[in-house]
Amino acid sequence: YSAFPDLHVAGIDMLAHDHTQEPNPDNYVIVEANTFPALGGHQFPTYGDREDVYQIIAESCLRRLSNWRK
């Protein structure tokens, strides 16, 4: 957050040596940050449970708007 304080939604692409380990600089590295991330993979994943990221983002935007108006 401190690197991009005004950025509200982003896609972060990471590589990991071992996905079973907790994130740390020796295991995970960020390779890309997207301001227009592809969210469809979260809504309709090939494997695993779906995550309604559109709803999460919409609710976050509404909270930010509500706080901005105060």
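**A tour from H42 to the largest pocket**

Begin by selecting H42, which is partly exposed, with a relative accessible area of 43%; that value falls between the 20% limit for buried and the 50% limit for exposed, which is why the residue is placed in the middle class. Bear in mind throughout that the model on your screen is predicted.

With H42 still highlighted, colour helix α1, residues 40-43, because this is the element in which H42 has its place. Then add D52 to the selection: H42 and D52 are ten residues apart in sequence, and their C-alpha atoms lie 7.0 Å apart in space.

Next, turn to the largest pocket, and show A10, G11, P37 and L39 together with H42, since these five, among the 15 residues of the lining, lie nearest the centre of the pocket. The space there amounts to about 350 Å³.

Which elements each supply at least two residues of this lining? Select β1 (11-16) and α2 (53-69) to see them, and note that α2 gives the largest share, four residues. If you colour the lining by class, you will find nine nonpolar residues, five polar ones and one that is charged.

Stay with strand β1 for the last stop and pick M14, which has its place in that strand and counts as partly exposed at 41% relative accessibility. Extend the selection to I12 and I30, and you have a nonpolar patch on the surface, in which I12, M14 and I30 together present about 290 Å² of accessible area.

Technical notes:
Residues numbered from 1 in each chain as written. Predicted model: local features only at pLDDT ≥ 70, side-chain atom pairs only at ≥ 80, totals over all residues. Heavy atoms only, no water. 1 Å grid on protein atoms, 1.4 Å probe; cavity = no way out; pocket = protein on both sides within 12 Å on 5 of 7 lines; lining within 4 Å. Points joined across faces, edges and corners; volume = space filled by probe spheres on them. Nonpolar A, V, L, I, M, F, W, Y, C, P; charged D, E, K, R; others polar. Patch = residues over 30% accessible without salt bridge, like charges linked within 9 Å, V, L, I, M, F, W, Y side chains within 5 Å. Areas by Shrake-Rupley, 256 points an atom, 1.4 Å probe, with all protein chains shown as cover. Salt bridge = Lys/Arg side-chain N within 4 Å of Asp/Glu carboxyl O. Buried < 20%, exposed > 50% of the residue type's maximum accessible area, 1.4 Å probe, protein only.
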